[in-house]
Amino acid sequence: MKDNNCIFCKIAQGEVPSVVIYEDDKFKVILDMGPAAKGHALILPKEHAKNIYELSEETTAEAFVLAKKMAEKMTKALSCDGFNIVQNNEPAAGQTVFHFHIHLIPRFEGDDAKVGWNTHEITKEEMEAIAEQIKG
């Protein structure tokens with residue numbers, strides 16, 4: 001399935017130019033046009049899904065296996081000091097393009113890329129209540 005209004009669908013199908021570092025029948029991996037760090041890339045499924053909630057379990061598993069393989073290859077090729085694998089869902093989590101994708105961000109000592117969050121205090125009781133809520 002393809003969404004004709006989706007820029008990532010157009011990139012994945014080759015209708016919009018990109019710099020490709022990997023491609024197979026299900027995925028295209030491209031360099032990000034607005035990179036957080038040298039080598040920042042995106043894994044794009046060729047079939048449209050808005051986010052992880054719409055992606056099949058099979059494709060989700062394949063995407064994350066590919067993320068591991070690409071991280072290993074990119075770490076070796078770029079001699080980076082660390083690596084972020086980031087996947088956002090919905091605007092509250094930072095998703096701005098509504099086609100499932102995984103960010104592959106090589107990290108280098110002293111780079112100014114930011115991936116993180118502020119931590120909050122939480123009691124054991126609050127943690128237990130949240131755990132019970134999730135477990136159902």
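Okay, let's start with one pair of residues: phenylalanine 83 has proline 106 in strand 5 as its bridge partner. Keep in mind that we're looking at a predicted model. That pair belongs to a longer match, where strand 4, residues 82-86, and strand 5 run antiparallel and share 5 bridges.

Now look at the other neighbour of strand 5. Strand 3, residues 41-45, is joined to strand 5 by 3 bridges, again antiparallel. Here leucine 42 has histidine 103 in strand 5 as its bridge partner.

Let's zoom out to the sheet. What is the order of the strands? It goes 1-2-3-5-4, in an open sheet of 5 strands with antiparallel pairing. At the edges you'll find strand 1, residues 20-23, and strand 4, and each of those pairs on one side only. On average, neighbouring strands are turned by 15 degrees against each other, if you ignore direction. Further along, strand 2 and strand 3 are antiparallel too, with 5 bridges between them. One of the pairs there is phenylalanine 27 with proline 45 in strand 3.

And then there's helix 2, which packs on this sheet and touches strand 1, strand 2, strand 3, strand 4 and strand 5. Its direction makes about 20 degrees with that of strand 5.

Back to strand 5, then. Is it enclosed or open? Well, 6 of the 6 residues in strand 5, residues 102-107, are buried, so the rest of the structure largely encloses it. If you've met strands before, you'll know that in a regular one the side chains alternate between the two faces of the sheet. In strand 5, Ile102, Leu104 and Pro106 point one way, while His103, Ile105 and Arg107 point the other way, and all are buried.

So what does Leu104 touch? Leaving out residues up to four places away in sequence, leucine 104 is in contact with Val29, Gly39, His40, Ala41, Ile43, Ala67, Met70, Met74, Phe83, Asn84 and Ile85.

Which brings me to the cores. In soluble globular proteins, nonpolar side chains tend to be buried together. The largest nonpolar core here has 14 residues, and the ones touching the most other members are Val29, Ile43, Leu66, Met70, Ile102 and Leu104. Strand 2 (27-31), strand 3, helix 2 (57-78) and strand 5 each give two or more residues to this core. Which element gives the largest share? That's helix 2, with 5 residues. Apart from this core there's another one, of 8 residues, including Cys6, Ala12, Ile30 and Leu44.

Key: Residues numbered from 1 in each chain as written. Predicted model: local features only at pLDDT ≥ 70, side-chain atom pairs only at ≥ 80, totals over all residues. Heavy atoms only, no water. Buried < 20%, exposed > 50% of the residue type's maximum accessible area, 1.4 Å probe, protein only. Helix = DSSP H or I, 4+ residues; strand = E, 2+ residues; numbered from the N terminus. Pairing = 2+ DSSP bridges. Core = buried A, V, L, I, M, F, W, Y, C linked by side-chain atoms within 4.5 Å. Contact = heavy atoms within 4.5 Å. Axes fitted to C-alpha atoms, helices over the stretch in contact; angles between N-to-C directions.
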